[in-house]
Amino acid sequence: MTDSRPTPSYLWSILTMKCPRCRRGKMFNDSNAYRKLSLKHIFDMPEHCPECGQRYDLEQGFWYGTGYVSYALAVAISVSSFVAWWVLVGISTEDNRVFWWLGLNALLLVLIQPWMMRLSRVIYLYFFVSYDSEYKQTSPREFDHKQ
Ligand SMILES: [Zn+2]
């Protein structure tokens, strides 16, 4: 039995926070990261993908690496908002428009933090686990020292 459904797109699967292996199972129990602003809620993930059984927390301390991802994301977002500000509002040395950008950008980063923390985990896991169209027949990738 082969799966004739089309392969879900890479980017879309990341944005909708789906499992990297099957791109169908949800990575978070509650898709709304903002429902409760606690770390426990933001990182409320099933241990395994409900669709293909892929383990999410690949090894002890696996998620520590997400710090680099969220840093890169924060930089990318700041650069984009700076460029947008430059084009739409303008930057001048004669007034303090640039400080408005600084403040608003900082506020933006705070507001999207819960979403960004989740997205970092998703992107990070995508580095390690690749899409498997035969996921129903094959077994998920496991790391040797953790079973
Ligand atoms: Zn899956």
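Let's start with helix α5, residues 113-128. How far apart should the ends of its 16 residues be, at 1.5 Å a residue? The expected span is 22 Å. The end C-alpha atoms of α5 sit 23 Å apart, and that agrees. Keep in mind that this is a predicted model.

Now, which residues of α5 are buried? They are P114, R118, S120, R121, V122, Y124 and L125. Find them in the structure. Their cover includes α1 at 10-15, α2 at 39-42, and α3.

That brings us to α3. Do the length check again. α3 has 23 residues, so at 1.5 Å a residue it should span 33 Å. Its end C-alpha atoms are 32 Å apart, so this one agrees too.

Is α3 mostly buried or in the open? Count the buried residues: two of the 23. So α3 lies largely in the open.

Next, packing. Two packed helices are described by the angle between their axes and the distance between the axes. Let's get both for α3 and α5.

The axes of α3 and α5 are 8 Å apart, and the angle is about 120 degrees. Angles from 65 to 115 degrees would count as roughly perpendicular, and those over 145 as roughly antiparallel. The angle here falls in neither range, so α3 and α5 are oblique to each other. Their crossing is right-handed.

Who makes the contact? From α3, take T66, V69, S70 and L73. From α5, take M116, M117, L119, S120, R121, I123 and Y124. Sort those residues by class. Seven are nonpolar, three are polar and one is charged.

Let's zoom in on one of them, V69. V69 is in helix α3. Is V69 buried or exposed? The cut-off for buried is 20 or more other C-beta atoms within 10 Å. V69 has 21, so V69 is buried.

What does V69 touch, leaving aside residues up to four places away in sequence? The answer is S120, I123 and Y124. Look at Y124 in particular. V69 and Y124 are 55 residues apart in sequence. In space, their C-alpha atoms are 6.8 Å apart.

On to the second packing pair, α3 with α4. Here α3 is residues 66-88 and α4 is residues 97-111. Their axes come within 10 Å and cross at roughly 140 degrees. That makes α3 oblique to α4. α3 passes α4 in a right-handed crossing.

The α3 side of this contact is A74, I77, S78, S81, F82 and W85. The α4 side is W101, N105, L108 and L109. By class, there are seven nonpolar residues, three polar and no charged ones.

What follows α3? G90 does, and its phi is positive, near 95 degrees. Further along, D95 is in the loop between α3 and α4. D95 has 10 other C-beta atoms within 10 Å, so D95 is exposed.

Now a comparison of chain and space, using C52 as the reference point. D95 and C52 are 43 residues apart along the chain. How far apart are their C-alpha atoms? They are separated by 56 Å.

Try E134 next. E134 is in the segment after α5. E134 and C52 are 82 residues apart along the chain, yet their C-alpha atoms are separated by 9.9 Å. Is E134 buried or exposed? E134 is exposed, with 8 other C-beta atoms within 10 Å.

Last stop: the loop between α1 and α2. M17 lies there, and R23 does too. M17 is not a glycine, although its phi is positive, about 55 degrees. R23 is not a glycine either, and it also has a positive phi of about 55 degrees.

How do their surroundings look? M17 has 19 other C-beta atoms within 10 Å, so M17 is partly exposed. R23 has 23 C-beta neighbours inside 10 Å, so R23 counts as buried. Check both against the cut-off of 20 for buried.

To recap the packing: α3 and α5 are oblique, and α3 is oblique to α4 as well. α3 itself lies largely in the open, with two of its 23 residues buried.

Key:
Residues are numbered from 1 along each chain as its sequence is written. This is a predicted model: local features need pLDDT of at least 70, side-chain atom pairs count only at pLDDT 80 or more; totals for chains, interfaces and linings use all residues. Axes are lines fitted to C-alpha atoms, for helices over the stretch in contact, and angles run from 0 to 180 degrees between N-to-C directions. Helices (H or I, at least four residues) and strands (E, at least two) are DSSP runs, numbered from the N terminus. Angles under 35 degrees count as roughly parallel, over 145 as roughly antiparallel, 65 to 115 as roughly perpendicular and the rest as oblique. A crossing is left-handed if the near helix is turned anticlockwise from the far one by less than a right angle, and right-handed if clockwise. Two residues are in contact if their C-beta atoms, placed from the backbone, lie within 7 Å. Ala, Val, Leu, Ile, Met, Phe, Trp, Tyr, Cys and Pro count as nonpolar, Asp, Glu, Lys and Arg as charged, and the others, Gly among them, as polar. The expected span of a helix is 1.5 Å times one less than its number of residues. A residue is buried if 20 or more other C-beta atoms lie within 10 Å of its own, exposed if 12 or fewer, and partly exposed in between; C-beta atoms are placed from the backbone.
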